[in-house]
Amino acid sequence: MHLSEMLLERGQITDEQLAQARASANGQSVDEVLLKMGVVPEEALKSLAEDLGMRYVDLRDYTIDATLLARFPTSAIFRHTILPLEMRNGSVEVATGDPYDLEALDELSSMSGLQLRPVLARREDVLQLIKEHLGVGGDTINELIAREAEQ
């Protein structure tokens, strides 16, 4: 069963949200679009993380390692909404709200020279911590990146 079907069956998303995700898919899976929309509830994220063999992290009271964060390019962090959390067992755990965005992991890994291991977190929490640690100017960076992608 797909995440979208499970969420709809449990009443955790509406028919309208599912229809919007389907209309916005453009080659992506509907599940990916729902994650990017930020409508997937925390309990469903925990189940998804477990299904994918990932760890789920609640970032609301998380302390970020600023030294580790400085080893990654700010623009890539904002562009992919992915946040380095901590060094663990020789690799860096990075929080993401989209476990299907393998391109982000590849890019950050090659830019940093470090092996990355994704952990799943609420997208809103990842964004909040990025803004807290790297500045609100990230909105401007995101706008510039979006404009560049459109051209």
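Read along the sequence, the protein chain of this predicted model follows the order α-α-α-α-α-α-β-β-α-β-α-α, a total of 9 helices and 3 strands. Helices (H or I, at least four residues) and strands (E, at least two) are DSSP runs, numbered from the N terminus. Residues are numbered from 1 along each chain as its sequence is written. The model being predicted, local features need pLDDT of at least 70 and side-chain atom pairs count only at pLDDT 80 or more, while totals for chains, interfaces and linings use all residues, and side-chain values use heavy atoms, with hydrogens and water left out.

**Chain totals**

Of the 151 residues in the protein chain, 42% are buried; buried denotes under 20% relative accessible area, exposed over 50%, and partly exposed the range in between (1.4 Å probe, protein chains only). The exposed surface of the protein chain comes to about 8300 Å², of which carbon and sulfur atoms supply 45%. These areas come from the Shrake-Rupley method with a 1.4 Å probe, and for residues only the protein chains shown count as cover. Where contacts in the protein chain join residues at least 6 apart in sequence, 60% of them link residues at least 24 apart; a contact means heavy atoms within 4.5 Å.

**Strand pairing and crossover**

Strand β2 (91–96) runs parallel to strand β3 (residues 116–120), with 5 bridges joining them. Two strands pair if DSSP finds at least two bridges between them. Within this pairing, valine 92 stands opposite leucine 116 in β3. From β2 the chain passes through helix α7 (residues 102–112) to β3 in a right-handed β-α-β crossover. Right-handed here means that, with the strands pointing away from the viewer, the path from the first strand over the helix to the second runs clockwise.

**Leucine 35**

Leucine 35 belongs to helix α3 (residues 30–37) and is buried because its relative accessibility is 3%. Leaving aside neighbours within four places in sequence, its contacts are Val40, Leu45, Leu48, Gly97, Asp98, Pro99, Tyr100 and Arg123. The C-alpha atoms of leucine 35 and leucine 3 are 9.8 Å apart, although 32 residues separate the two along the chain.

**Asparagines with positive phi**

Two loop asparagines have positive phi values without being glycine.

| Residue | Phi | Loop | Relative accessible area |
|---|---|---|---|
| Asparagine 26 | near 40° | between α2 (15–24) and α3 | 72%, exposed |
| Asparagine 89 | about 55° | between β1 (82–88) and β2 (91–96) | 76%, exposed |
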